[in-house]
Amino acid sequence: MLPRCAFSVCHVLMLVLCLSAAEDFDWTKNDHGSFYYGTFPAGFSWGAGSSAYQTEGAWDKDGKGLSIWDVFSHKKGKIQQNETGDSSCEGYYKVKDDVSLMKELKLNHYRFSISWPRLLPTGIKSDHINEKGMQHYDQLIDHLLENKITPIVTLYHWDLPQVLQEKYGGWQNISMVNHFNEFANLCFERFGNRVKYWITFNNPWSVAVEGYETGEHAPGLKLRGTGAYRAAHHIIKAHAKVWHTYDTQWRAKQKGLVGISLSGDWGEPVDISNQKDIEAAERYVQFYLGWFATPIFHGDYPQVMKDFIGRKSVQQGLGTSRLPTFSPQEKSYIKGTCDFLGVGHFTTRYITQKNNPSSRSSSSYFSDRDLAELVDPRWPDPGSEWLYSVPWGFRRLLNFIKTQYGNPMIYVTENGVSEKMLCTELCDDWRIQYYKDYINEMLKAIKDGVNVKGYTAWSLLDKFEWDEGYSERFGLYYVDFRNKNKPRYPKASVQFYKRIISSNGFPNQREVENWRRKAVETCSSSNQLLAAEEQRSTAANILRLIHDPLTSHMEMVTEIVVPTVCTLSILLSAIFLMFLLRRRN
């Protein structure tokens with residue numbers, strides 16, 4: 001891990017670099033290039049990630065309070081199949097088991113989040129501190145360190161205490177800034193002697209847009225054209241306050257770093273020779289990543305956001321812009337509050353200019369951008385409907401960050417691919433391909449001079465995927481959610497990623513191809529184990545249904561027919577992959 005220079009010097013250098021490099025990104029140059037064989041710099045950190053609500057379960061155990069996701073997921077029709085994170089992976093009870101998986105992978109770091117309502121059931125420290133929640137995270141942190149795995153801790157991964165939503169309106173209310181700072185300060189006090197990497201917020205874009213604009217995520221509000229901007233404004237202020245709290249009260253003693261994890265899809269101009277498309281693509285990235293990164297690195301919102309939202313607000317007959325403003329004092333306070341930048345990235349879009357109407361009834365974050373998103377039908381799309389595999393976009397995004405924000409220290413905090421199918425395949429050849437290509441583009445970006453210090457595969461386990469429930473799986477390890485013990489099974493990508501970590505990159509073509517072959521061979525035996533478990537589970541369900549005459553026909557189809565079909569599919573796919581590998585050789 002990189003040692004820090006004195007912060008006054010760092011801030012001066014960052015400012016000089018930002019001023020000199022902000023216009024350097026070349027939109028007309030997109031060199032896809034061939035696969036690059038080589039290794040990462042010494043000390044590069046390899047990890048995997050998770051979040052509290054998605055994996056812990058134990059939603060109402062040991063004194064934990066309700067989160068907005070507990071309440072939202074229990075409302076009918078909000079989540080696919082009306083599923084919840086009530087038990088999820090039961091990670092709350094499987095700390096040692098999961099750390100053993102990480103050790104087997106040879107991870108250098110593990111990124112996880114702390115559940116705010118597990119520590120402070122009402123979200124307010126003066127009401128009550130839940131010591132059993134504290135003990136859980138103490139145990140996790142200690143066990144990681146005992147196994148030489150560095151904890152990278154996210155303070156907010158979307159699970160706001162429900163009391164704060166009901167009492168104040170959540171992130172629509174400026175009071176959240178102080179409540180969040182109080183929670184963060186408690187975490188610094190109790191865990192900061194062992195945790196040296198803190199992330200304030202994970203993907204605040206989703207919190208703002210999907211929580212307060214579209215209503216797809218908790219708390220499910222649809223405040224079109226205003227809600228997302230107000231929530232983001234308060235989140236940025238909360239991030240800055242927490243950074244300053246750590247800087248003034250804890251940094252000298254604990255010697256840690258505080259950053260933020262921003263997600264950003266890449267936006268590529270449809271026509272790189274068309275200035276309108278280039279401007280639209282930059283607007284796409286600025287409204288996504290730049291919305292949060294530009295205030296944190298430069299002190300204010302991107303000029304293009306201020307211009308477009310301000311102009312549309314005037315056209316809609318509003319007296320002021322729907323985009324809030326920072327005072328001069330706030331700009332100074334926010335600027336530079338980032339010791340490292342976490343980057344979450346999954347996919348890319350082609351972008352072109354499109355003029356949207358400016359009526360008040362049609363105002364929204366999306367229409368404010370005046371652009372259209374397109375995809376290439378040739379791009380692979382193995383899982384989530386939004387996630388296409390476009391590796392070269394990753395390198396483009398990392399270089400954009402380098403030029404726009406003065407080449408900050410970057411940790412890739414989320415990168416991975418899902419599958420969306422009834423029968424999850426342990427021989428996940430497409431995930432191997434995704435990781436191989438995306439990690440290689442990151443290596444090329446480092447060759448370009450981008451300051452990437454670590455990479456986090458998303459995710460360690462299959463888990464609850466928000467409004468998609470359990471219908472999508474991002475994990476390196478398969479979790480059998482039908483089994484109350486939630487057993488984990490390694491997918492082929494586990495072996496492949498493990499070899500990337502052990503080699504710190506891609507030594508040569510022959511060796512990398514050999515990794516792939518061995519990974520698929522290994523997963524075939526795992527498939528057989530899973531198939532045997534499926535058979536046992538199906539038999540148990542048959543016995544239960546025989547003794548329950550009221551069970552519906554649909555339940556029988558789901559619990560007996562589907563697992564049986566999955567068992568056959570798993571075995572057949574393993575045989576087919578082995579056949580293909582033998583033909584290649």
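Let's start with a cysteine: Cys187 has a relative accessibility of 0%, so it counts as buried. Cys338, at 9% relative accessibility, counts as buried too. Keep in mind as you look around that this is a predicted model.

From single cysteines, move on to a bonded pair. A search of the whole structure turns up one disulfide, and it joins Cys427 to Cys523, with the sulfur atoms 1.9 Å apart. This disulfide links distant parts of the chain: Cys427 sits in the loop between β11 (410-415) and α17 (429-447), while Cys523 belongs to helix α19 (residues 509-546), and 96 residues separate the two in sequence. Both Cys427 and Cys523 are buried. If you look along the S-S bond that connects Cys427 and Cys523, you'll find an angle of 105 degrees, which makes the link right-handed.

Next come the charged side chains. How many salt bridges are there? The count comes to 32. Let's visit a few of them, starting with Lys237 and Glu330, whose closest N and O atoms are 2.9 Å apart. Lys237 is part of helix α10 (residues 227-249) and Glu330 is part of helix α14 (residues 328-334), so this pair ties together parts that lie 93 residues apart in sequence. Are the two partners buried or exposed? Lys237 has 17% relative accessibility, so it counts as buried, whereas Glu330, at 25%, counts as partly exposed. The cut-off for buried is under 20% relative accessible area, which is why these two end up with separate labels.

Now find Arg396, which forms a salt bridge with Glu268; here the closest N and O atoms are 3.1 Å apart. This is another link between distant parts of the chain, with Arg396 in helix α16 (residues 392-404) and Glu268 in strand β7 (residues 266-269), 128 residues apart. Arg396 is buried, with a relative accessible area of 7%, and Glu268 is buried as well, with just 2%.

A third pair to look up is Arg349 and Glu373, whose side chains meet in a salt bridge at 3.8 Å, N to O. This one runs between strands: Arg349 lies in β9 (residues 348-353) and Glu373 in β10 (residues 371-374), 24 residues apart. Arg349 is buried at a relative accessible area of 10%, but Glu373 has 37% relative accessibility and so counts as partly exposed. Salt bridges can also join up into something beyond a pair: Glu419, Asp428, Arg431, Asp462, Arg473 and Lys491 are linked in a network of them.

Helix α4 is a good place to pause. Which residues of α4 (residues 95-105) are buried? They are Val95, Asp98, Val99, Leu101, Met102 and Leu105. Because these residues cover an arc of only 150 degrees around the axis, they sit on the same side of α4. What does that buried side pack against? Its residues meet β3 (109-113), α6 (131-146), β13 (477-479), β14 (488-490) and α18 (492-503). Turn to the face pointing away from the buried side, and you'll see the exposed residues Lys96 and Lys103. After α4 comes Lys106, which has a positive phi, near 65 degrees.

That leads to some backbone details. Most residues other than glycine have a negative phi, and most peptide bonds are trans. Alongside Lys106, Gln81 has a positive phi, near 60 degrees. You'll find Gln81 in the loop between α3 (68-73) and α4, and with a relative accessible area of 66% it is exposed. Asp370 also has a positive phi, near 55 degrees, and its place is in the loop between α15 (365-368) and β10. Asp370, however, counts as buried, at 6% relative accessibility.

What about the peptide bonds? The one from Ala218 to Pro219 is cis, with omega near 5 degrees, and Pro219 lies in the loop between α9 (204-212) and α10. The bond from Trp458 to Ser459 is cis too, with omega near 15 degrees. Look for Ser459 in the loop between β12 (452-457) and β13.

Technical notes
Residues are numbered from 1 along each chain as its sequence is written. This is a predicted model: local features need pLDDT of at least 70, side-chain atom pairs count only at pLDDT 80 or more; totals for chains, interfaces and linings use all residues. Side-chain values use heavy atoms; hydrogens and water are left out. Buried means under 20% relative accessible area, exposed over 50%, partly exposed in between (1.4 Å probe, protein chains only). Helices (H or I, at least four residues) and strands (E, at least two) are DSSP runs, numbered from the N terminus. The arc is that of the directions from the helix axis to the C-beta atoms. Contact means heavy atoms within 4.5 Å. A salt bridge is a side-chain nitrogen of Lys or Arg within 4 Å of a carboxyl oxygen of Asp or Glu. A disulfide is a pair of cysteine sulfur atoms within 2.5 Å.
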